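Reader: I would like to see how the descriptive words for this structure are justified. Please set each value against its cut-off.

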Amino acid sequence: MSTLTDPLSPTFEPRPEPLRALGLLSGGLDSTLAARLLMDQGIEVECVNFHTGFCIQSHTGALRNPKPGAAPPRHDALHAAGNLGIRLHLVDIAEDYVRIVTDPKHGYGKNLNPCLDCKIFMVQKAHEMMRSMGFHFLFTGEVLGQRPMSQRRDTFPVIDRESGAGGWLLRPLTALRMPLTEPEKRGWVDRSRLMGFSGRNRKPQMALARQLGIVDYPSPAGGCCFLTDENYARKLRDLWSYRGERSYAMEDILLLKAGRHLRPAPHYKLVIGRDDSENHFLSGFVEGRILIKARDIPGPLTLVEGTPSPDDLIFACRLAARFGRARELPEVAMVVEVQGSREIHQVIPLPAHEMDEAWYV
Amino acid sequence: MSDVRDPAPDGMDSVPVADRVVDARRLLCPMPILKAEGAMREMRDGEVLEVRATDPGLRNDLPAWCRSQGHRFAGMRSQGRELQGWVVKGMG
C-alpha cells in the first residue's frame with residue numbers, strides 16, 4: 001500500500017523524531033478526527049484555535065435566559081483539546097481579521113461570510129506559527145466538497161498557495177482524494193492510514209469516531225460563524241450602511257449579538273435588552289453611548305448609538321418604554337444618561353399602532 | 001475587608017492568594033481565557049492567577065484550558081452572577 005514510505009523511494013527522507021504537526025482545531029468532529037488520525041501514527045500534535053470575534057459558541061446563546069441548573073456552556077476547541085490530551089494555542093486574530101471581513105479578495109458567500117479568505121488567513125497564521133515554533137507540517141479537518149465556498153477541489157490549491165503553506169498542509173480526512181503533500185512524499189506520514197472522505201454526508205466521520213472511541217463531540221448541525229447568519233449579516237450591513245464605511249470595532253460586533261436592534265431614523269439606533277442577562281451584558285457597553293431606562297419600574301436597558309437630537313431622544317424614550325412594564329402606564333419617567341450626566345424625561349409610551357416594523361434591523 | 005466572610009472554593013480550606021488578577025467580567029467566551037492566557041505569559045511557574053468573569057462558560061473552560069496548557073486548576077466559586085477561578089501556572 002504505502003510504497004512512499006519505502007526507504008528506496010527517491011523522495012524518502014528519514015522521519016524527524018519527534019515529528020511535530022500543528023492543526024487548526026475548531027473542536028468540531030472533523031478537526032478532532034484529523035488530529036486523532038495523526039496522533040495514532042505517533043505524531044506529536046498541537047493545535048491552534050483562532051478568535052475572530054464572530055465565532056458562535058454556546059456562550060452566546062447562554063447570554064439570554066440562562067436556565068437555573070442548566071449545564072454551563074463550553075468552548076468546543078478547549079474541550080476537544082482536553083479530551084485529545086493535546087496542547088491548544090488560543091490566538092486572537094480579531095484585529096487583523098477586520099480586513100478579511102470588510103474587503104475579502106475572494107468575495108462573500110450567501111451572507112457576509114468570507115470563507116475562502118478566512119481559511120487562507122488562518123492557514124497563513126498557522127504557517128507562521130509552524131515555522132516559528134518548530135512544527136514540521138500543518139493539518140486541517142477539511143473534507144472535499146463539504147463546504148460550498150472553501151472546501152472544494154478548486155479552492156484547496158488556492159488555500160495552499162495563497163497561505164504560503166504550499167505542500168505542507170495535510171488534510172487527513174480527505175487526503176486519499178488529494179495530491180501527495182510533502183510529509184507524505186517523504187514517508188513521514190503513512191498515507192494508507194489516512195482517509196478519502198468527501199461530500200456533505202457525515203456518516204463516515206461518525207463511523208470513524210465510533211471506531212476511535214470519540215463520543216463527546218458537538219452536534220454538526222448549525223454554523224459556527226455569525227457571518228453566515230442571515231440576521232447577523234443584516235445587522236452588520238445596516239451598521240456599515242449608516243456609518244458610510246465598511247469598518248467595525250470589537251464592541252460593535254459584540255453588540256450585534258445581543259438585544260433588539262431598532263433604527264427609527266438613519267442617524268440613530270436603539271439596542272434594547274430582552275432579559276436581565278442581556279441588560280447586564282449591555283450595561284458593559286455604556287461608554288460612548290446613551291443609556292435609557294425606566295425610573296423605578298422594571299424594564300429593559302436601552303443603548304442609543306448615533307447622533308440623535310434632543311427630540312429624537314424623547315422619541316427613543318417613548319420607544320424604549322414600550323418594551324417594559326412601563327407600556328401599561330399613561331406616562332412614565334425615563335432616565336437618560338449621556339456621558340455621566342443624567343436627565344429625567346416624563347413621556348407617554350409609544351402605542352402599538354405607532355410602531356413601524358421597518359425599524360427592526 | 002470582606003475576605004473574612006468569603007466562602008472558600010469547593011474543596012479548598014481557604015481562598016487562594018493570587019499573584020495576579022484578571023478582570024474579565026461582562027466579556028464573552030473566549031475573551032476570559034484569552035485574557036488569562038495573556039496574563040500567564042508574564043507569570044512564573046507556581047504563581048497563582050485569579051480570573052473573574054460573568055460568562056458562566058468559565059466553569060467548563062477554565063479547567064479545560066488548564067488541561068490543555070499544563071496548568072493546575074485550583075478551584076472556583078460563584079457569588080451571584082460573578083465567578084472567580086484560580087489557576088497555578090505550569091503545575092498541572
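The questions below go through helices, burial and the contact between chains.

Author: This is a predicted model, in which local features need pLDDT of at least 70, side-chain atom pairs count only at pLDDT 80 or more, and totals for chains, interfaces and linings use all residues. Residues are numbered from 1 along each chain as its sequence is written, while chains are lettered from A and ligands numbered from 1 in the order in which they are written.

Reader: How many helices and strands does chain A have, and what counts as one?

Author: Chain A has 12 helices and 11 strands. Helices (H or I, at least four residues) and strands (E, at least two) are DSSP runs, numbered from the N terminus. The C-alpha trace of chain A spans about 90 × 45 × 35 Å along its principal axes.

Reader: How do you know that the length of α5(A) agrees with its number of residues?

Author: The expected span is 1.5 Å times one less than the number of residues. For the 19 residues of α5(A) that gives 27 Å, and the end C-alpha atoms are 26 Å apart, which agrees. Just after α5(A), Gly134(A) has a positive phi of about 75°.

Reader: Why are α5(A) and α6(A) called oblique to each other?

Author: The axes of α5 (residues 115-133) and α6 (residues 156-163) of chain A come within 8 Å and cross at roughly 45°. Angles under 35 degrees count as roughly parallel, over 145 as roughly antiparallel, 65 to 115 as roughly perpendicular and the rest as oblique. The pair α5(A) and α6(A) is therefore oblique.

Reader: Which residues of α5(A) and α6(A) meet?

Author: Contact requires C-beta atoms, placed from the backbone, to lie within 7 Å. On α5(A) the residues include Leu116(A), Ile120(A) and Val123(A), and on α6(A) they include Val158(A) and Ile159(A). The contact of α5(A) with α6(A) divides into 5 nonpolar, 3 polar and 2 charged residues. Here Ala, Val, Leu, Ile, Met, Phe, Trp, Tyr, Cys and Pro count as nonpolar, Asp, Glu, Lys and Arg as charged, and the others, Gly among them, as polar.

Reader: What makes α1(A) oblique to α8(A)?

Author: Helix α1 (residues 29-39) and helix α8 (residues 203-212) of chain A pack at an angle of about 50°, with axes 11 Å apart. That angle makes α1(A) oblique to α8(A). Among the residues in this contact are Leu33(A) of α1(A) and Leu208(A) of α8(A). The contact of α1(A) with α8(A) holds 5 nonpolar, 1 polar and 2 charged residues.

Reader: Why does Gly69(A) count as exposed or buried?

Author: A residue is buried if 20 or more other C-beta atoms, placed from the backbone, lie within 10 Å of its own, exposed if 12 or fewer, and partly exposed in between. Gly69(A) has 5 such neighbours inside 10 Å, so Gly69(A) counts as exposed. Gly69(A) lies in the loop between α2 (58-61) and α3 (76-84) of chain A. Of the 361 residues of chain A, 42% count as buried.

Reader: Which residues of α1(B) are buried, and what covers them?

Author: In α1(B), Met31(B), Pro32(B), Ile33(B), Ala36(B) and Ala39(B) are buried. Their cover includes β3 (87-92) of chain A, together with β1 (20-24), β2 (48-53) and α2 of chain B.

Reader: How many residues of chain B are in contact with chain A?

Author: Contacts join 19 residues of chain B to 23 residues of chain A. On the side of chain B that touches chain A, α2(B) gives the most, with 8 residues.

Methods: Axes are lines fitted to C-alpha atoms, for helices over the stretch in contact, and angles run from 0 to 180 degrees between N-to-C directions. Two residues are in contact if their C-beta atoms, placed from the backbone, lie within 7 Å.
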